[in-house]
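User: I am a first-year student, and I would like a close look at a single part of this protein, with the surrounding pieces explained as they come up. Please take your time and connect one piece to the next.

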Amino acid sequence: MYAGTEAIDGAVPTLRELGRRGVPVVYVTNNASRSPESVAEHLRGFGLEVTGDQVFGSAAAGVALLRQELSRTGTHPSADGASSGGRPVPAKVLVVGSDYLRGLVSKAGHEVVTTAAERPDAVIQGFDPSVSWTDLAQASYAVNGGARWIATNTDLTIPRAEGIAPGNGALIEAVSRATGTRPLAAGKPEPVLFRLAAQAVGARSPLVVGDRLDTDILGGNRAGFDTALVLTGVDTEATAAAAPADHRPTWIVPSLPMLLAGSAVEARSHEPQEEHQP
């Protein structure tokens, strides 16, 4: 849809035309540093009519997974006591990421901490440009100390106006190397966000459109939906052809405007074609 502050060529007129035709559009993003309304505001800056209700992000999904994991395994009371007045002590959570992610964790009823010395019960890690070596070190100490580890998403790279930059997945790799373990991940390519987005608009057979095989296409496939790879990002026809079967799109389109062409000739299926005998 966009890279940094610039819209991808053809994206805005395509989405406007879909709106004119009455086709519902929702946005699934692994950006855990911004709220749905903030993302919607960014999209409105390109001239699109978008509300926060149309944006489904990995931060909220990560906090939901955190809650599920703490509930499943049982939260161990922290050092200073079992409970107060018969009420359980809130889980201590070390947040590596944005203020928005910290706010969601706090709103969910957890105590946000900043160091491993505070003995957190869990670590949740999401992307933010301000994440430092110290943040990654504290996460590593906490995970090595037994804290559960949740990642909002595992994108290795992110597109910026200047080019391709390290994403949350690259920062996760640093912690993983220091701990010898992997986090539970909430965002794309897990199917939950895609299914929630489809349910929100009552879509039974939506088309998932994206420019990454390892997040957009894999996630859409896992959700059981048709997928279209747009060749405006990091992946190409060659990488799609060489990808594992569950990473391959139903269709490939060179650009978003090609979605409106309405012809299978314009969007090539990756299903093998049967040979017909004369």
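The part I would like to follow is strand β10, together with the sheet and the core around it.

Analyst: The model is a predicted one, and it helps to begin with the whole chain before turning to the strand. The protein chain has 9 helices and 17 strands, and of its 278 residues 44% count as buried. Among the contacts with a separation of 6 or more, 61% are made by residues that stand 24 or more positions apart.

Strand β10 covers residues 148–151, and it belongs to an open sheet of 5 strands, whose order is β8-β7-β9-β10-β13 and whose pairing is parallel. The edge strands of this sheet are β8 (111–113) and β13, each of which pairs on one side only. In that order β10 stands between β9 and β13, and both of these links can be followed residue by residue.

On one side, β10 runs parallel to β9, and 4 bridges join the two strands. Within this pairing, I150 of β10 stands opposite I124. To get from β9 to β10 the chain passes through helix α5, and this β-α-β crossover is right-handed.

On the other side, β10 runs parallel to strand β13 (residues 184–185), to which it is joined by 2 bridges. Here the bridge partner of I150 is L184, while A151 has A185 as its bridge partner. I150 therefore takes part in the pairing on both sides, since β9 and β13 each offer a residue to it under the rule that strands pair through bridges.

Are the two faces of β10 buried or exposed? Both faces are covered, because a residue counts as buried when its relative accessible area is under 20%, and this holds for R148 and I150 on one side as well as for W149 and A151 on the other.

The helix of the crossover also deserves a look, and Q138 is a useful residue to follow there, since it is found in α5, which spans residues 133–144. Q138 counts as buried because its relative accessibility is 18%, a value that falls under the 20% limit. When its neighbours within four places in sequence are left aside, Q138 is in contact with L94, T114, T115, A116 and A117. One of these, L94, lies within the residue range of strand β7 (92–96).

From the sheet we can move on to the nonpolar cores. The largest nonpolar core has 20 residues, and those with the most contacts inside it are V63, L66, V93, V95, L101, V105 and I124. The elements that each supply at least two residues of this core are α3 (58–73), β7 (92–96), α4 (99–107), β9 (122–125) and α7 (192–200), and the largest share, 6 residues, comes from α3. Strands β7 and β9 of the sheet thus contribute to this core alongside helices, as the run-based naming of elements lets us see. I124, already met as the residue opposite I150, is named among those with the most contacts in the core.

V93 gives a closer view of this core. Leaving aside its neighbours within four places in sequence, V93 is in contact with L66, V105, H110, E111, V112, V113, P120, A122 and I124. Several elements meet around this residue: L66 falls within the range given for α3, V105 within that of α4, and A122 and I124 within that of β9, while E111, V112 and V113 fall within the range of the edge strand β8. Apart from this core lies another one, of 18 residues, among them V96, A116, L171 and I172. A116 is one of the residues in contact with Q138, which links the helix of the crossover to a member of that other core.

Helix α3 leads, finally, to a pocket. The second largest pocket has a volume of about 310 Å³ and is lined by 23 residues, of which A60, A61, A64, A186 and V192 lie nearest its centre. The elements that give two or more residues to this lining are α2 (36–44), β4 (55–57), α3 and α7. Of these, α3 provides the largest share of the lining, 7 residues, and α3 also gives the largest share of the largest nonpolar core.

How values were computed: Residues are numbered from 1 along each chain as its sequence is written. This is a predicted model: local features need pLDDT of at least 70, side-chain atom pairs count only at pLDDT 80 or more; totals for chains, interfaces and linings use all residues. Side-chain values use heavy atoms; hydrogens and water are left out. Buried means under 20% relative accessible area, exposed over 50%, partly exposed in between (1.4 Å probe, protein chains only). Contact means heavy atoms within 4.5 Å. A nonpolar core is a set of buried Ala, Val, Leu, Ile, Met, Phe, Trp, Tyr and Cys residues joined through side-chain atoms within 4.5 Å. A crossover is right-handed if, with the strands pointing away from the viewer, the path from the first strand over the helix to the second runs clockwise. On a 1 Å grid over the protein atoms alone, a cavity is a set of points where a 1.4 Å probe fits but cannot get out, and a pocket is an open set with protein on both sides within 12 Å along at least five of seven lines; lining residues have an atom within 4 Å of a point. Grid points are joined across faces, edges and corners, and a volume is the space filled by probe spheres set on the points.
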